[in-house]
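Good morning, everyone, and thank you for making the time. I would like to walk you through one structure today, beginning with a single strand and its partners and then turning to the place where two chains touch.

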Amino acid sequence: MSGKHVDTLIVGAGAAGLLLGAKLANSGRSVTILEAGPKRELSDLISSQIWARRLKWSGANVEEGGNHPVGHAFNAGSGTGGSALHHYGVWLRLHEGDFRVASDHGVGLDWPFNYDTLQPHYDQIQREVGICGDEDAEIWRPKGAPYPMPPMPLFAQARVLQRGFDKTGRRTAPLPLAINSVPYEGRAPCQFDGWCDAGCPIGALANPLVTWLPRAEAAGVTIIHNAPALRVLRDPNKASRIRGVECVVNGQRQLLTAGEIIIAAFTVQSTRILLNSTSDGLAAPGNRYDQLGRYLTSHPAATIYGLFDDETLPHQGVSGGQLISHDDYDTKHHGKAFGSSQWLIAHAIKPHDLLGYGTGRPDVIGSDLKPWITRAARHLGNMTLVTEDIAQKDNRITLSSNTDELGVPLASTVHNLDPRTIALWEKRMGQGQEIFRAAGATDVWQGPRVAMHIMGGTVMGRDEQHSVTDPVGRVHDTDNLYVSGPSLFPSSGAVNPTFTLSAIASMQVEHLSK
Amino acid sequence: MPTGLTRRQTLTGGAALGWFLVSGSWLYTTAAEAVEKGFEPQTLTKNQCESLEQLAEVLVPGSRAAGITAYVDSQLSAGSRSLLMAKYVGVPTNQQEAFYKGALDAAAQALTSPNATVGGVVSAMAKDSVEGWQGPPSSFFFFLLRADALDVTYGTEQGFEALAIPYMAHITPEEPW
């Protein structure tokens, strides 16, 4: 059974897939997007951390191993908008040094281009999506156009924590956010109620439902929901040409054919689809040199919490935070420790759920709990450390011997942290506790080390022996198969990835439109 | 499962999220009301429910009245649509029933020991020191059950109100979950 042939077939209706679909359709292409999850609308974004769990990954289980499992069920999404539907809108640029960690430091992988290549795309996407911030206060910010919106106001929690940075000689700046601080492009401004993780139904946070989806629909893009992609199929007459995607639509297996195919199904599932695409004795696309699935990265992160005599009112603001500090970001060598890191400061926070303050103190139970959590609800401060991960060849995604209900092998991931990364994380967490004490915290504690963001697996590079795609995301041994999204990142830096994956998608549109 | 669900009832997961069997009839109600009316669990046994309620109430006072038992049972009955936080931390939805049942059976066994108290068992669970515990790691279950109890007690509009903080919903949930 076959569907209608289109110019471009995209797998995944997330941040990258919808951006690509909207822009390529606007250039005159016929575009279809396959989305494994359900159709999402703004009215589905209910303000509840329990309801929010519906937005997270609900497809085939991902088997996870290593000393730092990637946390796929929390980090990934499903349905229109993908994981960007529940992302926090922290949009930061990679620093110039992030693009050359192998050349400069002998660790991980270089990117196949430098910051200057991506800068015009950062600027363009920033203008199209809208980012608020204060470029003058961000003294460490790479060069780029000024933010189109002023920064968010600071609430009590941020002012209290800023005191700790000031007293320890560290600098902060308003956190750059793809959230409207003022009305922008017909979208409403933020109301500072901290429901970002549950999805923002007012359109203040730049989730794909309010950025790229309307443009894609206006340009005639067809989106097929509940349609998981199983594998790509090569043209029997020319192995380097990918004929189409085998998928399930309305319960039926179909082959959808296209002139060009873009896999943008988030890191683990994009890699899984390609790994499942062996045929006629040929290796999976991009895997003639056993590179597919390798260099899986995830930012080691953790949150510092503290109680203050000051009233902090931590329910106010946005989930991503209010301030940022990139001090020492560009110094990657620290004795036995290695990498960049950042602090995201003063998150709006709820009492429960995985990141909630009540959940983070399992030692407080019984009659102690109510007074403790009542105090925390008005006097808590928190900030998150995000640390660079070193890309390692043996951190990888493979296919499991177990299969899903469609008979497709599950993805299996192994992710271990390099001792130098752990050393950096420990050093920074100690500094974070010092900052909180300097700010006046009467009780300080830290959460466990967790995996934030998932990158790599189909990394871009200059040659097939060390990467899966070329510098524009075309799979090396194919003519017309592309990958988009964070799976392309050869190294992780220490910043949130959505801005960068969007800039790369913009670069891909430019390439494909030539 | 009852038929003729509304769109919102379907969105909330139908029977898993609001339909409870009470005295032989299906009622669409909150978990707290279901417990109050004596709901009949669909996945857990009555013995498992009793253990769950006892442990949760020690961990998070108020969770019994907030409907912890009906909440956990309804989520386990929802299969792949379970909203339990466990799925975030390595217990996928298809393994949750076995996980919770195994842990609750182990806890029930511990509670039957001579001189056992609920508080004592909870403390031992936190330290993985429950004698003869046969089941998932008890400290992990402690963490998850406490998180579930926080969900029902402080993760709703009523819970926020109890903490004197504004809920400030963009779209107010018609049901707690």
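Please keep in mind throughout that what you see is a predicted model. Let us start in chain A, where strand β9, which covers residues 297–307, pairs with strand β18, residues 450–455, in the antiparallel sense, and the pairing runs over four bridges. If you would like one position to look for in this pairing, find A:A301, which stands opposite A:V450 in β18(A).

Strand β9(A) also pairs with strand β14 of chain A, residues 380–387, again in the antiparallel sense, and here there are seven bridges. Within β14(A), it is A:L385 that serves as the bridge partner of A:A302. A further antiparallel pairing, over four bridges, joins β9(A) to strand β17 of chain A, which spans residues 443–446, and there you can find A:L307 opposite A:D443.

Now, is β9(A) mostly covered or mostly open? The strand is mostly covered, with 10 of its 11 residues counted as buried.

Let me move on to the contact between the chains, where 31 residues of chain B are in contact with 33 residues of chain A. On the chain B side, the elements that contribute two or more residues are α3(B), residues 46–59, and α8(B), residues 138–154. Which of the elements gives the largest share of that side? It is α8(B), with seven residues. As for the character of the chain B side, its residues divide into 23 nonpolar, five polar and three charged.

Terms used: Residues are numbered from 1 along each chain as its sequence is written. Chains are lettered from A and ligands numbered from 1 in the order in which they are written. This is a predicted model: local features need pLDDT of at least 70, side-chain atom pairs count only at pLDDT 80 or more; totals for chains, interfaces and linings use all residues. A residue is buried if 20 or more other C-beta atoms lie within 10 Å of its own, exposed if 12 or fewer, and partly exposed in between; C-beta atoms are placed from the backbone. Two strands pair if DSSP finds at least two bridges between them. Two residues are in contact if their C-beta atoms, placed from the backbone, lie within 7 Å. Ala, Val, Leu, Ile, Met, Phe, Trp, Tyr, Cys and Pro count as nonpolar, Asp, Glu, Lys and Arg as charged, and the others, Gly among them, as polar.
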